[in-house]
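Let's take a walk through this one together, starting from a single residue and working outwards. Have the model open as you read.

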Amino acid sequence: MEIDLLIKNAQVFNTVKQCFETKNVTVIGEKFYYITPTDVSHLQAAQVIDGQGKYVVPGLIDSHMHIESSMTTPTIFSKAVLPFGVTTVIADAHEMANVFGIEGLTEFMEAKTELDIFHAIPSSVPSTTPELETTGGVIGLAEVNTLLTHPKVICFGEAMNFHGIAYEPDSLIRQLIDLCKEKRPTMPLEGHCPKIYGEELAAFMYSGISSDHTHQFPESLAEKIENGMFIQFQNKSITPENIAVIIENEYYEYTCIVTDDVMADDLLEGHLNENLKKAVAAGLTIEKAIYMTTYTPARRMGLNDRGMIAPGRLADFILLDDLNAFSIAAVYKSGKQVYQKGETIAFPETVEPFPISYRRTVHCKSLTTEDLQVAVRTDLSSVRCNVIRKHEVGTFTERVTKIIPVTNGYLDWENSDCSLLVVMERYGKNGNIAYALMEKPIVTPGSIATTWAHDHHNMMVMGDNKRDILLAQQKLLEMQGGYVVVNDGQIVAHCPLPIGGIISQAPIEKLGQDLKAVRQAMQRLGYKNRNEIMSFSTLSLPVSPAIKMTDKGMMETKTQKFYPLIFPEDGAAL
């Protein structure tokens, strides 16, 4: 019998036993054929690889991620992640949908890639409701009904509107969930429920949602898993404390490892493979880490044709020359080699032909000094203000109270320990401008601006002085989106994202270098967080605890109530 590929005497990962065994691996076409420790000389192989000293593991499967978080497009992303052993992803393109609606999502789904990209139905477009935030597109019942028929759609994307899910049975998000359960009753329903416990967790899960990928903590892991929630560990949740809970309770079958978001500069160094290695460093055995990046995500998503090395399964696999270091010698997709050690990231021969209109989407006015003068109706020399305090780990924030001076009828934020945060509606729908204050986000004169503002992607500018805010906003308008950092009157870093203000078709090396420069410039301003880019870009995410900004104002995310900038008994902003 003729076969296409034979790998002889390799250490092959046995998914069922979760160990390595010396075997011969054969491939016919796109699938594995015969996996055996016995002699296979009766098979005529077109190609033979000596697997002595090599380890064969299934291709990595990322069951929850956003391509737009890498600020690139599917074709470029595919070339970038295959060398890291990632052969399948389930993408939730709700960033693209928040800007362009179902049309933009369709552009993503039609991209031709070597990487297998399946899609989640974006449930969070907008993440809350149009009354609470303005977006470029909306995914409602009609759009979901259409997407349910698409062959690449395999799950319902992260449902984030906790209040609507748990307490409003007639809300749009509950209607979307019910539609999915009616039309595709076995389809996974993915969730987003940070810091939700007890009866609130039960109310959330009662809707049918059965997974969570958000920031996890040891004290709540057992509760979630034992209530039937499948946990997807993103980078910040891969801690020794969390891993210890998994090991002690043998929760391996109910968890997997994902990326969620990998910024363009981090993508130069790795993808899901880096989270796998981090899990091993946190206490998992390498075998369990492989299991949780191959088989459990495949099973969760109903991808029964992959995730293990077995007859009839898709021949997506990695050759490792060092198991403990997870050092990749080669990557195979559907039986074909797509990467060999030493190769550089390739740029695709063709990229997505996005419409020209996708490059002219930022429709904001140019700010003036007057726009940054917050008039106050009060006779007091200072007023109490609601202020956002960001955390230095994760994307959490909290509300604090600050006394801010009032000078000549205006809030004198420039002479306080706060910066001004401005969110501007950018789709040309209503021209909303909302203002908030942040406690000491930077320590050096400057500003930071972006249109990559989860999830509504309106324009967001923060700074401690008017001059630098105006300079950053003007540059962002010129670029039609991206990131800008200004320090003391000088633009010190910028990263253009001209397609919808959220992605670029520049080579990933150039994009990564530009974003890295932005990150380093933010650090020099004194902005502190383990992931500065994500921290800043989620200041606008109104489903992430506890206080965030939209173009409608400053919102407490659990109750979805807006806070006034100034305490009403002290006065009001005009």
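**Starting from a cysteine**

C385 is a buried residue, with a relative accessible area of 0%. Keep in mind as you look at it that this is a predicted model. How many disulfides does the model have? The count comes to 0 disulfides. C385, then, is in no disulfide, and the nearest cysteine sulfur to it, that of C418, sits 7.7 Å away. For a pair to count, the two sulfur atoms have to be within 2.5 Å. As a reminder of what's missing here, a disulfide is a covalent bond between the sulfur atoms of two cysteines.

Now jump to C495. Is this one buried or exposed? C495 is buried, again with a relative accessible area of 0%. Which cysteine has the sulfur closest to that of C495? That would be C364, but the gap is 18 Å, so the two are too far apart for a bond.

**A small stop at a sheet**

Next, head for strands 27, 28 and 29. These 3 strands make an open sheet, in the order 27-28-29, with antiparallel pairing. Strand 27 (547-550) and strand 29 (561-563) are the edge strands, each pairing on one side only. If you look at how the strands of this sheet lie against each other, neighbours are turned by 45° on average, direction ignored.

Zoom in on strand 28, which covers residues 553-556. What joins strand 28 to strand 29? The link is made of 3 bridges, and the two strands run antiparallel. One pair to pick out by eye is M555, which stands opposite F562 in strand 29.

**Stepping back**

Time to zoom out. In the whole protein there are 15 helices and 30 strands. Along the principal axes, the C-alpha atoms fill a box of roughly 95 × 50 × 45 Å. How does the radius of gyration fit with that of a compact globule? With 574 residues, such a globule would have a value near 25 Å, and the protein has 25 Å, so the two agree.

What about the inside and the outside? Of the 574 residues, 61% count as buried, and C385 and C495 are both buried. The accessible surface comes to about 21,100 Å², with 49% of that belonging to carbon and sulfur atoms.

Finally, the contacts. Take those between residues at least 6 apart in sequence: 67% of them join residues at least 24 apart.

Methods
Residues numbered from 1 in each chain as written. Predicted model: local features only at pLDDT ≥ 70, side-chain atom pairs only at ≥ 80, totals over all residues. Heavy atoms only, no water. Buried < 20%, exposed > 50% of the residue type's maximum accessible area, 1.4 Å probe, protein only. Pairing = 2+ DSSP bridges. Helix = DSSP H or I, 4+ residues; strand = E, 2+ residues; numbered from the N terminus. Axes fitted to C-alpha atoms, helices over the stretch in contact; angles between N-to-C directions. Rg over C-alpha atoms; globule rule 2.2 N^0.38 Å. Contact = heavy atoms within 4.5 Å. Areas by Shrake-Rupley, 256 points an atom, 1.4 Å probe, with all protein chains shown as cover.
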